[in-house]
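Work through the exercises below with the sequence and the 3D view open. Each task is followed by a solution in steps.

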Amino acid sequence: MEIGFAPPVSGSWATAENMVHVARRAELLGYHSLWAFQRLLAPADLGWSETYHSVQDPLTTLAFLAAHTSRIRLGVAVLNMPFLSPVVLAKQTATLDILTGGRLDVGLGLGWSDEEYRATGASRHRRGQRAAEFVTVLRSLWQDEVIAHRGEFYQVPPTRMDPKPVQRPHPPILLGGQAPAALRRAGRLADGWISGSQADLTGIAEAVATVRTAAAEAERDPGSLRFVCRGAVQVRPAGAADRTPLTGTLEQIRSDFGRLAEAGITELFVDLNFDPEIGSPSAHPQVSLRRADEVLDALAPTW
């Protein structure tokens, strides 16, 4: 199982200096990847988790960090397809893949925020079918010399999009979502699946199995798929009777890594942005960075 890390993108610690510090240190320590996430808006009453109150744009963040790293992969988990144009996203991600030398992973999802749906003018109607067509158009734009798509949701006249991404046939597409339909869609269409921050990690093996089964039924090789876990890590003192995976002491958290690998996870990235003591606007940015350094050292890959 590969181990990645999430740079600061949420809250007070998401400064340019802290992003670069974490990205460079993660690369130096041998982490496999860096991951950002998308959140466009927060409700006016700030009723959501503090993690979502102040979030940097993921593609801009990854482009910035690409200039400060050379080896580590760069992923987004996830961009919400209903809020995006596949043509615009294809151009942005092709450029980013070129500028990073082929280091980009593209995670895509459907989103859950009613506020963001309304603000972007997106529709929830048949969004699963729309997502499937979005992936088809995105792949065509990345791969085909001449693109011509006439579908139910997207129309692309005979045109060309150049330059193409470095990665061939295209950057990996990883789909998020926890619902059975979303898991099956990932198995049928994508290069892998990404779990969300609220996923029940005690049952993640069942989600992996659902994706694999859908891939096999679509006559795809389940063994070729990637299974990426967002590790919403929270370091806390020992002794909690109701400890959940990836919470507790650093020793307990590292022991959870092995169990997730046994469940079929092929890559896990440590994400401190979802710890309210770190990824919130009220947290002290330098204290958050010191805690991140401790976690980076303690959970660094050892194989």
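**Exercise 1.** Is F83 buried or exposed?

*Solution.* The model is a predicted one. The relative accessible area of F83 is 13%. Buried means under 20%, so F83 is buried.

**Exercise 2.** Classify the ring pair of F83 and Y117, and state which parts of the chain the pair ties together.

*Solution.* Step 1: A pair of aromatic rings is described by the distance of the centres and the angle of the planes.
Step 2: For F83 and Y117 the centres are 5.1 Å apart, and pairing requires centres within 6.5 Å, so the two rings form a pair.
Step 3: The planes stand at 80°, and over 60 degrees counts as edge-to-face, so this pair is edge-to-face.
Step 4: F83 is in the loop between β3 (73-80) and α3 (86-99), while Y117 belongs to helix α4 (residues 114-120), so the pair ties together parts 34 residues apart in sequence.
Step 5: Y117 is buried, at a relative accessible area of 3%. The charged end of R124 sits over the ring of Y117, 4.2 Å from its centre.

**Exercise 3.** Do the same for F134 and Y154.

*Solution.* Step 1: The centres of these two rings are 6.0 Å apart and the planes make an angle of 80°, an edge-to-face pair.
Step 2: Helix α5 (residues 127-143) contains F134, and Y154 lies in the loop between β5 (147-150) and β6 (155-159), so the pair ties together parts that are 20 residues apart in sequence.
Step 3: Both F134 and Y154 are buried.

**Exercise 4.** Which residues form one aromatic cluster with Y52, and which charged end sits over the ring of Y52?

*Solution.* Step 1: The cluster joins Y52 with F37, W48, W112 and F274.
Step 2: The charged end is that of R39, 5.1 Å from the centre of the Y52 ring.

**Exercise 5.** Where do the buried residues of helix α2 (residues 58-66) lie around the axis, and what do they pack against?

*Solution.* Step 1: The buried residues of α2 are P58, L59, T61, L62, L65 and A66.
Step 2: Their arc around the axis is only 160°, so they are on the same side of α2.
Step 3: These buried residues pack against α1 (16-28), β2 (33-36), β3, α3 and β4 (104-109).
Step 4: At the N-terminal end, α2 is capped by D57, with a side-chain oxygen 3.3 Å from the backbone nitrogen of L59.

Methods: Residues numbered from 1 in each chain as written. Predicted model: local features only at pLDDT ≥ 70, side-chain atom pairs only at ≥ 80, totals over all residues. Heavy atoms only, no water. Phe/Tyr/Trp six-rings, centres within 6.5 Å; stacked < 30°, edge-to-face > 60°. Helix = DSSP H or I, 4+ residues; strand = E, 2+ residues; numbered from the N terminus. Buried < 20%, exposed > 50% of the residue type's maximum accessible area, 1.4 Å probe, protein only. Lys NZ or Arg CZ within 6 Å of the ring centre and 35° of its normal. Arc of directions from axis to C-beta. Contact = heavy atoms within 4.5 Å. Polar contact = N/O pair within 3.5 Å; in protein donor to acceptor, adjacent residues only side chain to side chain.
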